[in-house]
Amino acid sequence: MIDLFNFDELHNRKNTNSLKWDLFKERYKAQYKVENVEEILPMWVADMDFAIPQIITDAIKERLDHPIFGYSYVSDACKESIVGWFERRHNWTIDPKSILFHQGVVPALATIIETFTEPGDKVAVSTPIYPPFFSIPKAQNREVVECKLDTSNNDYNYDFDALEEQFKTGVKVYILCSPHNPGGKVWLREDLEQLVQLCIKYDVLLISDEIHADIVFDGAKHIPTLTVKDADKAKIITCIAPTKTFNIAGIHAAMMVVPNVELRNKLNFNKAAHGRDDLNILAAAAVKAAYDEGDEWVDAMIQYVSNNMDYVVEHLNKIEGIKVTKPQSTYLIWIDYRETGLDEKEMMLRLLEKGKLALEPGTKYTEAGRGFLRMNVACPLDTVKEGVEGFKKALL
């Protein structure tokens, strides 16, 4: 199946207004005072360097062939495509009525927090974690409560006793990253069930960000939070999107799955209060095509990225002081460099100046990420090899 698609092809993304390839230069230059940034290889932000599936391009072109772009709505057929994908891929039956649309998972997160909390309310997260999980609540003047994930077994796991102690302080919302970013952990059903029970016990709204759900490796199985025991008794809003899966972040399309009618009505009220509309016509076309016909491309992409990860793990683990474990999910590798004895600034400067490589520093994911780096390997193997060689040079 992998032969059907050419993931080895190198696409020049420079000078395309790419956040990953263009804008990063000024950011890294300003933060790390690096002057020569033109030859630096960006393997940081989470978008792929693969061409999107042709079926999505064709669907957008077909809609472009109609010369009128008036007011539109998301069709029932598009909603059924979403339902079909999650039923087919995740054994999760979604009621179409429970689907609300948004322009992205991060904007959806902001809307949910604004709707169900007040300034000063506590929002809990388990760290290290994706930065908007704490930056969005802080920007809305909510108090962010951090509870570190347990790392005693060289893996990320929940310390549910510690989390419960946090909930006892009056937490209103807990934000779950499932699968976990940056660690790539696929949570077990029993993990999710215990989390749901805590949320029920302390009346905590559970936001489940499942944007990486489709990208899992080596037999791992994503469990949608809304499918676990007693999920119907909890207050749960799940955020999903095709954007990570199909490399269409620039399309701006996401969904909130909200079975609870009361929660859904409040979100709709907020939506109306902000004059927020559904997906634009091109985004709707892309979403429908992706979920109708994207299976083969996704299966091939997952296999290709898995092979890239195997390459990176094999080669970086040969470097003294570096520890890398293949993640169960995402196309992001979480690199442990704590045994090198280097601090974060020195490591980043070495990567940028000697290795000509831009990765993400672990403290971007809170202090719990110190001593780690995040590397994006959703790119042609030649790019991965270049990045690995740059990493080696940085530590010579």
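What share of the 396 residues in the protein is buried? In this predicted model, buried residues make up 57% of the chain's 396 residues. The overall dimensions fit that picture of a folded chain: a compact globule with 396 residues would have a radius of gyration near 21 Å, and the protein, at 21 Å, agrees with this. Along the principal axes, the C-alpha trace spans about 60 × 55 × 40 Å. The exposed surface comes to about 17,500 Å², of which carbon and sulfur atoms supply 48%.

Turning to the fold, the protein contains 13 helices and 13 strands. Among contacts with a separation of 6 or more, 74% are between residues 24 or more positions apart. One open sheet is built from 4 strands in the order β9-β10-β13-β12, and the pairing is antiparallel. Its edges are formed by β9 (323-324) and β12 (360-361), each of which pairs on one side only. At the β9 edge, the neighbour is β10 (residues 332-336), and these two strands pair in the antiparallel sense over 2 bridges. Within this pairing, Val324 has Ile335 of β10 as its bridge partner.

Ile335 also takes us into the interior. In soluble globular proteins, nonpolar side chains tend to be buried together. Here the largest nonpolar core holds 109 residues, and Tyr174, Ile335 and Phe391 are the members that touch the most others. Helix α11 (residues 295-316) contributes the largest share of this core, with 12 residues. Apart from this core lies another one, of 29 residues, including Ile113, Ile129, Ile136 and Leu267.

The surroundings of Tyr174 are worth a look on the structure. Leaving aside residues up to four places away in sequence, Tyr174 touches Ala124, Val125 and Ser126, as well as Tyr158, Leu163 and Phe167; the list is completed by Leu195 and by the run Val204, Leu205, Leu206 and Ile207.

Finally, the cysteines. A disulfide is a covalent bond between the sulfur atoms of two cysteines. A search of the whole structure finds 0 disulfides. For Cys199 the reason is distance: the closest cysteine sulfur belongs to Cys147 and is 12 Å away, too far for a bond, whereas the cut-off for a disulfide is within 2.5 Å. Cys199 is also buried, with a relative accessible area of 3%. Cys379 is likewise buried, and its relative accessible area is 1%; the threshold for calling a residue buried is under 20%.

Definitions and conventions:
Residues are numbered from 1 along each chain as its sequence is written. This is a predicted model: local features need pLDDT of at least 70, side-chain atom pairs count only at pLDDT 80 or more; totals for chains, interfaces and linings use all residues. Side-chain values use heavy atoms; hydrogens and water are left out. Two strands pair if DSSP finds at least two bridges between them. Buried means under 20% relative accessible area, exposed over 50%, partly exposed in between (1.4 Å probe, protein chains only). The radius of gyration is taken over C-alpha atoms; the globule rule is 2.2 Å times the number of residues to the power 0.38. Contact means heavy atoms within 4.5 Å. Accessible areas come from the Shrake-Rupley method with a 1.4 Å probe; for residues, only the protein chains shown count as cover. A nonpolar core is a set of buried Ala, Val, Leu, Ile, Met, Phe, Trp, Tyr and Cys residues joined through side-chain atoms within 4.5 Å.
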